[in-house]
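Reader: Hello! I would like a close look at one part of this model, and then a tour of what lies around it.

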Amino acid sequence: QSGDLLELKLSPTRVVRLHRRSLELLGERIVGVLEKMHDREPLRRTVERSRLASRFDYVQAPGLFEAALARLAKDGKVRLGEGRVGLADRGPQLSKNEQKLFEQLIERFRQDGFPPPTVADCQAMAVKNREAVPQLLALAAADGFLVEVAEGFYLHEQIDRALQEKLAARMADGAGLTAADIRDALGATRKHVIPYCEYLDRAGFTRREGDMRFLARDRQPAELT
């Protein structure tokens, strides 16, 4: 009744009871780790939640780490996104309208898939803050929601991962693919496939030999799931 003992319902049949201060201490440690991550990457507003969670593998109770994150979010100390987390007061700060547009842009890229919308397409959909669209897209890429394939050419990170999985399956037996093969596999035009192929080369996903591209030796399909 005093609030010193907290009950965390981790599943329909599992409840963990712990002292309020224990959850606060875990939250303070999470904030401390996030501060160091933000210091290393000051232009990013968020980091991968799995990357943060790996620093807290010692927390044995299932769901306790997520409960601490939820408490921090409720207190306004962290911002939570799909698979991402960051301190609320770190990184570029957006107005309410800019934040709304930021989320709409990310969802547009997720829904459109490949080929993705252009920067001009995104500006056309913006009712307000059209001039901020290029900066918001760059921020989304810095945060990991989008990947920048080439200048002004962005993909949602989930779409990028799905495309890589498809190509990895086609190359798994050591077969090479030409740009035309990749174009047919992805169902897109050369306009989008060529810069995407060059992006995969730079990322170390593929290696190019003449007109053929092969799956890089250290990249296997299982690593992409």
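Which residue in strand 5 stands opposite Val78?

Author: Happy to help! Leu87 is the residue in strand 5 that faces Val78. This is a predicted model, in which local features need pLDDT of at least 70 and side-chain atom pairs count only at pLDDT 80 or more, while totals for chains, interfaces and linings use all residues. Residues are numbered from 1 along each chain as its sequence is written, and side-chain values use heavy atoms, with hydrogens and water left out.

Let's widen the view to the sheet. Strands 3, 5 and 4, in that order, make an open sheet with antiparallel pairing (two strands pair if DSSP finds at least two bridges between them; strands are DSSP runs of E with at least two residues, helices are runs of H or I with at least four, and both are numbered from the N terminus). Strand 3 (47-48) and strand 4 (78-81) each have a single partner strand, so at these edges one side of each is left without a neighbour in the sheet. Between strand 4 and strand 5 (residues 84-87), which run antiparallel, there are 4 bridges.

Helix 1 (residues 20-40) packs on this sheet and touches strand 3, strand 4 and strand 5, where contact means heavy atoms within 4.5 Å. The directions of helix 1 and strand 5 make an angle of about 90 degrees (axes are lines fitted to C-alpha atoms, for helices over the stretch in contact, and angles between N-to-C directions run from 0 to 180 degrees).

Helix 1 has a helical partner too: its axis and that of helix 3 (residues 64-74) come within 9 Å and cross at roughly 80 degrees. The two helices are therefore roughly perpendicular to each other (65 to 115 degrees counts as such, under 35 as roughly parallel, over 145 as roughly antiparallel and the rest as oblique). On the helix 1 side, the residues that meet helix 3 are Leu23, Leu26, Gly27, Ile30 and Val31. Helix 3 brings Leu64, Phe65, Ala67, Ala68, Leu69, Arg71 and Leu72. This contact has 10 nonpolar residues, 1 polar and 1 charged (Ala, Val, Leu, Ile, Met, Phe, Trp, Tyr, Cys and Pro count as nonpolar, Asp, Glu, Lys and Arg as charged, and the others, Gly among them, as polar).

A salt bridge also involves helix 1: the side chains of Arg90 and Asp39 meet at 2.6 Å, N to O (the cut-off is a side-chain nitrogen of Lys or Arg within 4 Å of a carboxyl oxygen of Asp or Glu). Arg90 sits in the loop between strand 5 and helix 4 (96-112) and Asp39 in helix 1, so the pair ties together parts 51 residues apart in sequence. The whole structure holds 19 salt bridges.

How far should you trust the model? The protein's mean pLDDT, the predictor's confidence in each residue from 0 to 100, is 90, and 96% of its residues reach 70 or more. Confidence is lowest in strand 1 (residues 5-11), with a mean of 79, and highest in strand 7 (residues 153-156), at 97. Over residues 219-225 the pLDDT is below 50, and this stretch has 16 contacts in the model beyond near neighbours in sequence. Where pLDDT is low, the predicted coordinates should not be read in detail.
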